[in-house]
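Subject: Structure handover

Hello,

Here is the structure I promised to pass on. Please open it alongside this message; my notes follow below.

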Amino acid sequence: MDADMAAPGSTSGGAAEETLPAVVVIDDAGTVTGWSRTAEKLFGYRAAEVLDRSAAPVFLPPVAPGDRERWSGLLQARHRDGGALLVRVAGSRLRTPGPGVAWVLSMTPATAETPGRAADLLEPLISRSPVAMAIWDRDLRCVWLNAAAHELNGVFPHYAIGRSLREPIPGIDTDAAREAMSRVLCDGNPMIDREARWTAADGSAELTLSTSLFRLDGVDGQPLGVCSLALDISTSRTRDRLSLLREASIRIGSTLDVNQTAQELADLAVPLIADYVTVDLAESVLPDTPPLQRLAATEARIPVFRRAGVASVHDGIPESLWPRGQAVFVPPSSPFTEVLSSGRSHFEPLLDTSPGTWLDQDPARAEIIHGTGMHTLLIIPLAARGEILGVTVFVRNENPAAFTKDDLMLAEELVARAALSLDNARQYTRERTAALALQRNLLPRNLSGGDAVDVASIYLPSDVHEGVGGDWFDAIPLRDSRVALVVGDVTGHGINAAATMGRLRTAVRTLTYMGLPPDELLTHLDDLVLRLTEEDAGDDGFPLDAVGATCLYAIYDPGTRRCTMATAGHPPPALMDPSGAVSFPRPPSGTPIGVGLGSFGSLELELGEGSLIALYTDGLIETREADIEAGIDRLGAALAGAALPLESLCATVVETMVGDKGSEDDIALLVARTR
């Protein structure tokens with residue numbers, strides 16, 4: 001064949017020729033035996049430059065059809081000017097009179113508008129697809145785009161024919177996209193549904209795209225480039241749903257407070273799901289509130305819940321009949337009580353307010369519904385660990401759209417997560433309340449220093465989630481006018497720690513009445529705790545709940561003004577003389593109670609009239625930001641500037657040490673002034 005071969009009816013230079021494929025014929029040795037005018041235009045080589053020569057300089061790698069009769073695919077070619085060119089190729093075996101074999105190749109550039117009959121059928125689908133499709137060659141240069149991809153150019157300028165991802169553009173970060181495409185081009189493993197965020201250089205637009213990449217291989221199986229598919233999911237309902245649930249895991253249950261958790265649920269759901277949301281809890285979830293049974297009920301309305309959370313898109317929440325903390329009354333035959341008893345959600349896309357419904361028994365609620373334009377309703381049970389804790393109500397009155405099944409599913413999933421947080425908060429509140437009650441009952445109510453000292457104390461539970469600790473203090477007047485002063489701290493938190501504290505306080509009182517000096521008393525206490533631990537051991541010989549505590553014990557004799565003290569791993573006492581100077585005498589260091597070593601020593605001091613001794617637990621001086629010694633220095637400064645009345649001194653010292661940030665551990669402070 002020669003350079004003039006062309007389709008019948010074509011005219012040189014005519015418009016028809018512009019749409020014709022480039023036709024090339026090669027033999028089984030890879031020698032070019034035919035070269036059309038359109039091939040000249042596509043590749044830049046004249047026929048005389050390529051005929052009867054190897055096709056290798058033009059096609060990379062060389063075309064190798066093998067034994068196939070027909071084949072098609074993509075092929076990397078080289079233009080005469082040295083530029084890379086990605087082409088579509090369709091090959092057919094050509095029958096010749098001689099023994100040799102030849103193939104006729106029909107080629108069009110990958111960017112051609114009319115790639116072929118089959119492509120013509122797909123072109124409208126591809127061009128109108130919401131998925132942005134692009135083809136990038138081995139240099140990561142864009143060689144083809146559909147219409148949706150063209151629209152991304154404003155945010156991502158590399159979506160343009162001829163532009164490479166390797167070309168830097170100020171304000172555009174292409175590192176992640178370039179690395180992902182290079183990896184796919186190298187190993188051939190597709191990347192599916194990878195979320196990527198693109199922001200315009202001037203910040204005017206931001207998109208979230210779901211991007212997939214797969215490699216394009218040539219007819220010889222070698223990689224030619226990468227095809228990218230990108231779908232704008234910035235406003236995707238699925239993405240919004242996942243985002244809401246992710247936010248719920250962060251925002252709901254941030255504290256172990258029942259009411260706060262309920263309000264967090266209401267705040268999160270408005271306006272993402274509803275215009276108005278209430279969280280009403282059963283009496284069992286709110287143990288510190290007055291029983292609902294004591295409230296007056298009628299045949300039409302009964303108190304069933306207490307409002308724990310409420311939110312609205314409207315200022316002042318005009319939809320709510322009851323503020324937070326108030327009892328919520330409902331008709332016995334209402335959907336609220338039905339949800340509470342059945343445990344199933346109530347789904348009412350079109351709220352029925354016609355005569356003859358349950359609203360006839362609740363005129364106040366009916367008036368609010370009509371007055372605020374409520375038109376769609378969801379009531380979802382708050383269920384956790386097999387128990388119904390209350391209900392959450394979702395209403396729309398500003399948003400005209402009715403709730404759908406998808407809305408119901410999203411609301412149910414959100415409420416289910418919140419219910420677990422509510423139940424955790426409820427259980428924590430119950431245990432903390434019980435531990436506090438136990439601890440307060442075990443601590444001395446009428447503290448007295450007898451004839452020896454004036455005493456005052458303060459106890460402050462921690463604000464952290466672990467619960468009440470085992471701090472205790474005591475002042476024990478003796479018959480010979482002496483007084484014993486003690487402060488201790490049981491390891492751990494919760495009811496067990498409070499119960500252990502009560503046992504140790506009782507043991508210390510018993511040993512005190514035996515007249516033991518401080519070091520011997522701590523030795524006996526250590527031995528007692530060790531034996532109790534052994535008695536409580538499980539079948540494997542290990543204690544079920546290991547008991548440990550620190551303790552500071554002191555005896556003051558007003559007749560000699562001598563104070564003898566011993567410590568079991570406890571912070572030193574603070575001593576302030578009548579002049580106001582503060583010191584921290586250090587008794588011989590002893591091991592904590594329960595270790596079993598029983599090695600304690602005593603320190604004896606003389607206290608002048610009007611001297612003040614302060615015993616405390618480590619919650620007063622220890623923080624995460626500073627060590628104990630720094631806390632001791634702060635305590636010395638706080639005591640030196642405190643008020644003289646002992647009750648005021650305790651309050652001032654704690655306020656100075658803790659401030660508004662709350663304590664990280666329980667605090668016990670016992671102060672005594674000699675007479």
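Start with a side-chain pair: Ser320 and Arg307 make a polar contact through their side chains, at 3.0 Å. Bear in mind that this is a predicted model.

Ser320 sits in a loop, the one that links strand E13 (302–312) to strand E14 (327–330). Its side chain has another polar neighbour. A polar atom there lies 2.6 Å from the backbone oxygen of Trp322. Leaving out residues up to four places away in sequence, Ser320 touches Tyr276, Arg307 and Val310. So Arg307 appears both as a polar partner of Ser320 and in this list of contacts, as judged by heavy atoms within 4.5 Å.

Next, helix H10, which covers residues 363–372. Its buried residues are Arg365, Ala366, Ile368 and Ile369. Viewed down the helix axis, these fall within an arc of 160°, so they line one face of H10. The other side of H10 carries exposed residues: Pro363, Glu367, His370 and Gly371. What do the buried residues of H10 pack against? They pack against E14 and helix H9 (335–342). E14 is also the strand that follows the Ser320 loop. After H10 comes Gly373, with a positive phi near 75°.

Now the helix pair further along. Helix H12 spans residues 495–513, and helix H13 spans residues 518–535. They pack at an angle of about 140°, and their axes are 10 Å apart. That angle makes H12 oblique to H13; the cut-off for roughly antiparallel is over 145 degrees. The crossing of H12 past H13 is right-handed.

The residues that meet are these:

- From H12: Arg503, Leu504, Ala507, Val508, Leu511 and Thr512.
- From H13: Leu521, His524, Leu525, Leu528, Val529 and Leu532.

Last, another serine. Ser92 lies in strand E5 (residues 84–94). Is Ser92 buried or exposed? Its relative accessibility is 18%. Buried means under 20%, so Ser92 counts as buried. Setting aside residues up to four places away in sequence, Ser92 touches Glu69, Arg70, Ala102, Trp103 and Val104.

When you go through the model, I would take the sites in the order above: the Ser320 loop, then H10 with its buried face, then the H12 and H13 pair, and Ser92 in E5 at the end.

Best wishes

How values were computed:
Residues are numbered from 1 along each chain as its sequence is written. This is a predicted model: local features need pLDDT of at least 70, side-chain atom pairs count only at pLDDT 80 or more; totals for chains, interfaces and linings use all residues. Side-chain values use heavy atoms; hydrogens and water are left out. Helices (H or I, at least four residues) and strands (E, at least two) are DSSP runs, numbered from the N terminus. A polar contact is a pair of N or O atoms within 3.5 Å; within protein, one must be able to donate a hydrogen and the other to accept it, and residues adjacent in sequence count only if both atoms are side-chain atoms. Buried means under 20% relative accessible area, exposed over 50%, partly exposed in between (1.4 Å probe, protein chains only). The arc is that of the directions from the helix axis to the C-beta atoms. Axes are lines fitted to C-alpha atoms, for helices over the stretch in contact, and angles run from 0 to 180 degrees between N-to-C directions. Angles under 35 degrees count as roughly parallel, over 145 as roughly antiparallel, 65 to 115 as roughly perpendicular and the rest as oblique. A crossing is left-handed if the near helix is turned anticlockwise from the far one by less than a right angle, and right-handed if clockwise.
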